[in-house]
Amino acid sequence: MSSSTKETNLRAKQIAQNLTTAIHAADASAIKIAALLEALDAKETHLTHNIAQATQDLDADLQGVVEEAKLYAHEISALLKQIKTIPVSARNSDNAAEKKE
């Protein structure tokens, strides 16, 4: 073999080794990315569950607020009915007495 053939073969082997090293590095990176994507998917699932739970909690809280508002509405309605039964002159004199205090 001539020296240029030997040099060409040696260079071809070096290129093949460099490519093999680059392929292994890319493969390792791909494995890391796959692991990160899997972890991200798990976190997304966990986050989705947390959001769903928080939404259910909010819905329950809002239902409680609505029920409480209904109770207050009935109470306010009853108070307004009581106020309507008080003569206007008596209401005005009560307001005047409160202003003096």
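A residue is called buried when its relative accessible area is under 20%, exposed when it is over 50%, and partly exposed in between (1.4 Å probe, protein chains only). By that criterion, buried residues make up 0% of the 101 residues in this protein.

The model is predicted, so local features need pLDDT of at least 70 and side-chain atom pairs count only at pLDDT 80 or more, whereas totals for chains, interfaces and linings use all residues. Numbering runs from 1 along each chain as its sequence is written, and side-chain values use heavy atoms, with hydrogens and water left out.

Begin with the whole protein, coloured by secondary structure: it has 2 helices and 0 strands (DSSP runs numbered from the N terminus; helices are H or I with at least four residues, strands E with at least two). Its accessible surface (Shrake-Rupley method, 1.4 Å probe; for residues, only the protein chains shown count as cover) is about 9,100 Å², and 62% of it belongs to carbon and sulfur atoms.

Next, select Glu-67 and Lys-70. Their side chains meet in a salt bridge at 3.6 Å, N to O (a side-chain nitrogen of Lys or Arg within 4 Å of a carboxyl oxygen of Asp or Glu). The whole structure contains 1 salt bridge. The two residues are 3 apart in helix α1, about one helical turn. Lys-70 is partly exposed at 44%, as is Glu-67 at 42%.

Then select Tyr-72, which lies in helix α1 (residues 3-85) and is partly exposed at 46% relative accessible area. Add Ile-76, Leu-80, Ile-83 and Ile-86: with Tyr-72 they form a nonpolar surface patch of about 450 Å² accessible area together.

How values were computed: Patch = residues over 30% accessible without salt bridge, like charges linked within 9 Å, V, L, I, M, F, W, Y side chains within 5 Å.
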